[in-house]
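Please take a careful look at the structure below and ask, for each descriptive term, what makes it apply. The questions and answers that follow set values against the criteria behind the words.

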Amino acid sequence: MIASLPMYDRPELAETTDRLWCAIRDELRAVGIDAPDTLSRDVDIWDVWTAPDLVFSQTCSLPYRARLRDQVSLIGAPVHQFADCPPGHYFSVIVGRDGQIPAAPRLAVNDPLSQSGWAHFHAWLDRSGLAYGAVVITGAHRASARAVSTGHADLAALDAQSWALMQAYDTWAGDLVVLGRSSHSPALPFIAARDADIPAYQTALRRAIDALDEADRLALNLFGVHEFPAARYLDQAIPPEP
C-alpha cells in the first residue's frame, strides 16, 4: 500500500500534513478501506500515481487528463480560500521581478505537464498576446519562482497555493511582483486506485477534513472537498509543449 500528499508538502508543514493524513487514514479504515500508517515521501510521484496498490494521493489536473485518466479514480478537489475564486477551484499568479515585461520574456516552467505552471501560463500568454523566448524547465514551482528572483528567467506561473506558501516561508518571495492572474480551473484532484470505492473515499475525505482543528485548516488552507465530475477536468485543453 502507498499514499502520498506531494503537492504542498513543504518541510515547514510536514507535521501538519502528517496530521491530515492520519485523519484521512483513520476515516478510510472506518469505512473499510485499508490504508498505510504513514505517507510515502522521497518516492517518484509517477511511481506513486501509477502504483497498483495506490491508496490515496493528489495529482495535478494536467497529468490526470493527459495520462492518468484511465489508471486512477477521481475522488474530489480541495476547497481552498482564495479571493474571487469559486469553491474547489484555483488559479495561477504570473510573477516577475518588477512591473515590466521584456520583449520575448524568458519563462521558468516547473513541468510541461503542469496545469498551473504551464497550461494556465500558456493560456495567459496567449490572451496577453505575448511571444516568449527561452524556456527553462525547473522541476518545481518554488524553483521557478527562484529562477525569476535570481534573474535566470523573467516570468513564471505559480499555483496560487504554492505562491501563498512561498510568501509565508520564503523571504526571497518578497523580491517578486505579481503581474497577472490566470483564469481559474478545478483544483488539484485527490485520487485513488482505479478500482476504488469512490463514494466511500469521498465520505472519508469529507469527515477527515471536517475533523481538522482550526490551526491546521489555516496552515493548509484546506476547508473542504468539492466533488467534480471527471468531465470538468477532461474537457480542458491540453496545451502544446513549451
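**Strand pairing and the sheet**

Q: Which residue of β11 stands opposite Gly-76?
A: Gly-76 stands opposite Phe-190 in β11; this holds for a predicted model, and the statements below should be read in that light.

Q: What makes β3 and β11 paired strands, and in which direction do they run?
A: Two strands are paired if at least two bridges are found between them, and because four bridges join β3 (residues 72–78) to β11 (residues 190–193), the criterion is met. The two strands run antiparallel, and besides Gly-76 opposite Phe-190, Ser-73 stands opposite Ala-192 in β11.

Q: How do you know that β3 and β12 are paired?
A: Two bridges join β3 to β12, and as at least two are required, the pair qualifies. These strands also run antiparallel, with Ala-77 standing opposite His-226 in β12.

Q: Why are β1 and β12 called edge strands of the sheet?
A: The five strands form an open sheet in the order β1-β2-β11-β3-β12, with mixed pairing. β1 (2–3) and β12 (225–226) each have a single partner strand, so one side of each is left without a neighbour in the sheet.

Q: What lies across the sheet strands β2, β3, β11 and β12?
A: Helix α7 (residues 198–211) lies across β2 (54–58), β3, β11 and β12, and runs at about 30 degrees to β3.

**Buried and exposed**

Q: What makes β3 count as mostly covered?
A: Seven of the seven residues of β3 are buried, which means that each of them has under 20% relative accessible area.

Q: Why is Ser-162 called buried?
A: The relative accessible area of Ser-162 is 10%, and because buried means under 20%, the residue falls in that class. Ser-162 has its place in helix α6, and, not counting residues up to four places away in sequence, it touches Tyr-8 and His-141.

Q: Why is Leu-234 called partly exposed?
A: Leu-234 has a relative accessibility of 25%, and because this is neither under 20% nor over 50%, the residue belongs to the class in between. Leu-234 lies in helix α9 (residues 231–234), and, with residues up to four places away in sequence left out, it touches Tyr-64, Arg-65 and Arg-69.

Q: Which residues of α5 are buried, and what do they pack against?
A: In α5, His-141, Ser-144, Ala-145, Ala-147, Val-148 and Ser-149 are buried. The buried residues of α5 pack against β5, β6 (107–109), α4 (115–128), β8 and α6. After α5 comes Gly-151, whose phi is positive, near 85 degrees.

**Cores**

Q: Which residues of the largest nonpolar core touch the most other members?
A: Of the 37 residues in this core, Leu-54, Val-95, Leu-158, Trp-163, Met-166 and Leu-176 touch the most other members. Elements giving two or more residues to the core are α2 (45–49), α3 (61–68), β3, β5 (92–96), α5 (141–149), β8 (155–159) and α6 (160–169), and the largest share, four residues, comes from α6.

Q: What is Val-95 in contact with, leaving aside its neighbours within four places in sequence?
A: The contacts of Val-95, counted beyond four places in sequence, include Val-148, Leu-158, Trp-163 and Leu-176. Apart from the largest core there is a second, separate core of 26 residues, which includes Ala-23, Ala-35, Phe-56 and Ala-192.

**Cavity and pocket**

Q: How many cavities of 30 Å³ or more does a search of the whole structure find?
A: The search finds one such cavity. About 160 Å³ of space lies in the largest cavity, and its lining includes Leu-5, Tyr-8, Gln-58, His-80, Phe-190 and Leu-222. The word cavity applies because a 1.4 Å probe fits there but cannot get out.

Q: Which residues lie nearest the centre of the largest pocket?
A: Among the 35 lining residues, Pro-6, Met-7, Tyr-8, Gly-139 and Ala-140 lie nearest the centre of this pocket, whose volume is about 910 Å³. The elements that give two or more residues to the lining are α2, α5 and α6, and α2 gives the most, with four residues. It is called a pocket, not a cavity, because the set of points is open.

Key:
Residues are numbered from 1 along each chain as its sequence is written. This is a predicted model: local features need pLDDT of at least 70, side-chain atom pairs count only at pLDDT 80 or more; totals for chains, interfaces and linings use all residues. Side-chain values use heavy atoms; hydrogens and water are left out. Contact means heavy atoms within 4.5 Å. Axes are lines fitted to C-alpha atoms, for helices over the stretch in contact, and angles run from 0 to 180 degrees between N-to-C directions. A nonpolar core is a set of buried Ala, Val, Leu, Ile, Met, Phe, Trp, Tyr and Cys residues joined through side-chain atoms within 4.5 Å. Buried means under 20% relative accessible area, exposed over 50%, partly exposed in between (1.4 Å probe, protein chains only). On a 1 Å grid over the protein atoms alone, a cavity is a set of points where a 1.4 Å probe fits but cannot get out, and a pocket is an open set with protein on both sides within 12 Å along at least five of seven lines; lining residues have an atom within 4 Å of a point. Grid points are joined across faces, edges and corners, and a volume is the space filled by probe spheres set on the points.
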